[in-house]
Amino acid sequence: MSAIHLTKDGFENRIVNIADMANGWNFKGDKPAIIDFYASWCGPCQRLSPIIDELSEEYAGKVDIYKIDVDDQTELAKLFRVRTIPTLVYIPMGETPIVQSGGKTKGELKQTIESLLLK
């Protein structure tokens, strides 16, 4: 199972209602999540993409993994102040999202997933 590509509607159905964000973070998911903000023309994003898909399969049922194209979904990128890509947003249960920019190795990503999302 590959990571799920989100549009604004999908984001609001699976992650959070944008209009309600002014009142605080109210995550809709039933398990921790990762959002990969990327662009199709971005070299580091292209290298990260297959790793994100592999992690989506490895953590199926434990962590939901999503992708958002910053060129198509500029409003969503602005919500998380995405200025460089790739940017990953880790969403632990019951906590606020953690934003990290830059490409990572699969090992680094697994370590972050284990320490931030599956603790």
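What follows is a walk through the packing of this predicted model, from its nonpolar cores to its rings, a helix, a disulfide and a loop residue.

The largest nonpolar core is a good place to start. It holds 22 residues, and the members that touch the most others are Phe 11, Ile 15, Ile 35, Phe 37, Ile 68 and Ile 91. At least two residues of this core come from each of strand 2 (33-38), strand 3 (64-69), helix 3 (74-79) and strand 4 (87-91). Strand 2 gives the largest share, with 4 residues. A second core, of 14 residues, lies apart from this one; Tyr 59, Val 63, Ile 65 and Leu 109 are among its members.

Ile 91 gives a feel for the surroundings of one core residue. Setting aside anything up to four places away in sequence, Ile 91 touches Ile 15, Trp 25, Phe 27, Pro 32, Ala 33, Ile 35, Pro 97 and Leu 117. Two of those partners, Trp 25 and Phe 27, turn up again among the rings.

On the aromatic side, a search of the whole structure turns up 4 pairs. One of them is Phe 11 with Phe 80: the ring centres sit 6.1 Å apart and the planes meet at 80 degrees, which is over 60, so the pair counts as edge-to-face. This pair ties together distant parts of the chain, since Phe 11 belongs to helix 1 (residues 8-14) while Phe 80 sits in the loop between helix 3 and strand 4, 69 residues apart. Phe 11 and Phe 80 are both buried. Trp 25 and Phe 27 make a stacked pair instead, with 6.4 Å from centre to centre and 10 degrees between the planes. Trp 25 comes out as partly exposed, at 23% relative accessibility, whereas Phe 27, at 15%, counts as buried. Both pairs feed into one aromatic cluster made up of Phe 11, Trp 25, Phe 27, Phe 37 and Phe 80.

Helix 4 (residues 106-117) comes next. With 12 residues at 1.5 Å each, helix 4 should span 16 Å, and its end C-alpha atoms lie 15 Å apart, which agrees. Its buried residues are Leu 109, Thr 112, Ile 113 and Leu 117. Looking down the helix axis, these buried residues fall within an arc of 105 degrees, so they line one face of helix 4. They pack against strand 2, helix 2 (43-58), strand 4 and strand 5 (98-101). Leu 117, for one, is also a contact of Ile 91, and Leu 109 belongs to the core of 14 residues.

The whole structure has 1 disulfide by the same kind of search. This bond joins Cys 42 to Cys 45, with an S to S distance of 2.5 Å. The torsion about the S-S bond is about 75 degrees, so the disulfide is right-handed. Cys 42 and Cys 45 are both buried.

Finally, there is Leu 6, placed in the loop between strand 1 (4-5) and helix 1. At 5% relative accessibility, Leu 6 counts as buried. Neighbours within four places in sequence aside, Leu 6 is in contact with Phe 11, Arg 14, Ile 15, Tyr 66, Lys 67, Ile 68 and Gln 73. Three of these contacts, Phe 11, Ile 15 and Ile 68, are also listed among the core members that touch the most others. Leu 6 and Asp 69 are 63 residues apart along the chain, yet their C-alpha atoms are separated by 8.1 Å.

How values were computed
Residues numbered from 1 in each chain as written. Predicted model: local features only at pLDDT ≥ 70, side-chain atom pairs only at ≥ 80, totals over all residues. Heavy atoms only, no water. Core = buried A, V, L, I, M, F, W, Y, C linked by side-chain atoms within 4.5 Å. Buried < 20%, exposed > 50% of the residue type's maximum accessible area, 1.4 Å probe, protein only. Contact = heavy atoms within 4.5 Å. Phe/Tyr/Trp six-rings, centres within 6.5 Å; stacked < 30°, edge-to-face > 60°. Expected span 1.5 Å × (residues − 1). Arc of directions from axis to C-beta. Disulfide = S-S within 2.5 Å.
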